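Let's take a walk through this protein together. Have a look at the sequence and the fold before reading on.

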Amino acid sequence: MNQIQLPETYLALSDFRKHDVYLPEMNQAQIISDFFPATFTELTQRLSDITGAFYGGILKQIGRLYGAEAIEQLSSTFMYDLGSRMTLRNLEAKPNLHPGIPAVAKILIGAIFTSSPEYNFEFKELNDHQCELLIKGVDRYHKITQSLQIAGLLKWPVIKPFIQGVCDTMGLDVLLEIKVLKLDPDSSCSYHIVISEK
């Protein structure tokens, strides 16, 4: 009988799974092989899809319960709070991260690394007075809200309040300008972001 090779992702993340208990008649290795994401790319994409589905599903339900105008209000409030929370967590975990425009840039990079794998960034300028960058890729929030037919009820990009939450939580008085350079039906996007001192 051939031994089943467990995915590398399962072995690397085994600390999360060490307390799982299977019944004796269950083929643990086969279940892991069949259902655990085989690559980190697949795992990351699945987590991102679930995050997007949660966001879109909640917004759609809010619209049903409280009307279409509540969709934008909830999205904006949620994104702002998320930016604020991520900033507080980063400032606590990284005491050498001093509030300022360069720190905002680092938090945005961290958010993309950990939470928005479909985005890529391209910095055009970064100093103590201004940050200019492009965010490109696939906007998962647009993708899910488009499929749920509520994308037209939101202000794009929905990440603007997130960035504002980062800046406000650091106590920065900045101008935040975001232009949608591209937002296609397939959710391919390009956003031009400028954060500058007032």
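The paragraphs below go from the overall layout to the core, and then to a few individual residues.

Keep in mind from the start that this is a predicted model. The protein contains 8 helices and 4 strands. If you follow the chain from its N terminus, the elements come in the order α-α-α-α-α-α-β-β-α-α-β-β. A box of roughly 70 × 45 × 25 Å, taken along the principal axes, holds the C-alpha atoms.

How much of the protein is buried? Of its 198 residues, 38% fall into that class. The exposed surface comes to about 12000 Å², with carbon and sulfur atoms supplying 56% of it. You can also ask how far apart in sequence the touching residues are. Among contacts between residues at least 6 apart in sequence, 60% join residues at least 24 apart.

Now turn to the inside. The largest nonpolar core has 39 residues, and the members that touch the most others are I163 and I195. Many elements contribute to this core: α4 (40-66), α5 (69-93), α6 (101-115), β2 (130-138), α7 (140-147), α8 (160-169), β3 (174-183) and β4 (188-197) each bring at least two residues. Helix α6 gives the largest share, 8 residues.

I195 is a good place to pause. Leaving aside residues up to four places away in sequence, which residues does I195 touch? Its contacts are I101, V104, L108, H129, Q130, C131, I163, C167, V174, L175 and L176. That list includes I163, the other residue named with I195 for touching the most core members.

Just past helix α6, look for S116, which sits in the loop between α6 and β1 (119-126). Is S116 buried or exposed? Its relative accessible area is 10%, under the 20% cut-off, so S116 counts as buried. Apart from residues up to four places away in sequence, S116 touches A111 and R140.

Charged residues make up the last part of the tour. The protein has 18 positive and 23 negative charges, and the mean positions of the two sets are 2 Å apart. Side chains of opposite charge can pair when their charged atoms come close. How many salt bridges does a search of the whole structure find? The search finds 7.

Two of these pairs can be traced within single helices. In helix α4, E42 and R46 lie 4 residues apart, about one turn of the helix, and their side chains meet in a salt bridge with an N to O distance of 2.5 Å. E42 is partly exposed at 28% relative accessibility, and R46 is partly exposed at 37%. In helix α5, R85 and D81 are also 4 residues apart, about one turn of the helix. The closest N and O atoms of their salt bridge are 2.8 Å apart. Here R85 is exposed, with 56% relative accessibility, while D81 is partly exposed, with 34%.

Another salt bridge joins K198 and D173, where the closest N and O atoms are 3.2 Å apart. This pair links distant parts of the chain: K198 belongs to the segment after β4, D173 to the loop between α8 and β3, and 25 residues separate them. Both K198 and D173 are exposed. Finally, find E122, K124 and K136, which are linked in a network of salt bridges.

Key
Residues are numbered from 1 along each chain as its sequence is written. This is a predicted model: local features need pLDDT of at least 70, side-chain atom pairs count only at pLDDT 80 or more; totals for chains, interfaces and linings use all residues. Side-chain values use heavy atoms; hydrogens and water are left out. A nonpolar core is a set of buried Ala, Val, Leu, Ile, Met, Phe, Trp, Tyr and Cys residues joined through side-chain atoms within 4.5 Å. Buried means under 20% relative accessible area, exposed over 50%, partly exposed in between (1.4 Å probe, protein chains only). Contact means heavy atoms within 4.5 Å. Accessible areas come from the Shrake-Rupley method with a 1.4 Å probe; for residues, only the protein chains shown count as cover. Lys and Arg count as positive and Asp and Glu as negative; His and the chain ends are not counted. The place of a charge is taken as NZ of Lys, CZ of Arg, CG of Asp or CD of Glu. A salt bridge is a side-chain nitrogen of Lys or Arg within 4 Å of a carboxyl oxygen of Asp or Glu.
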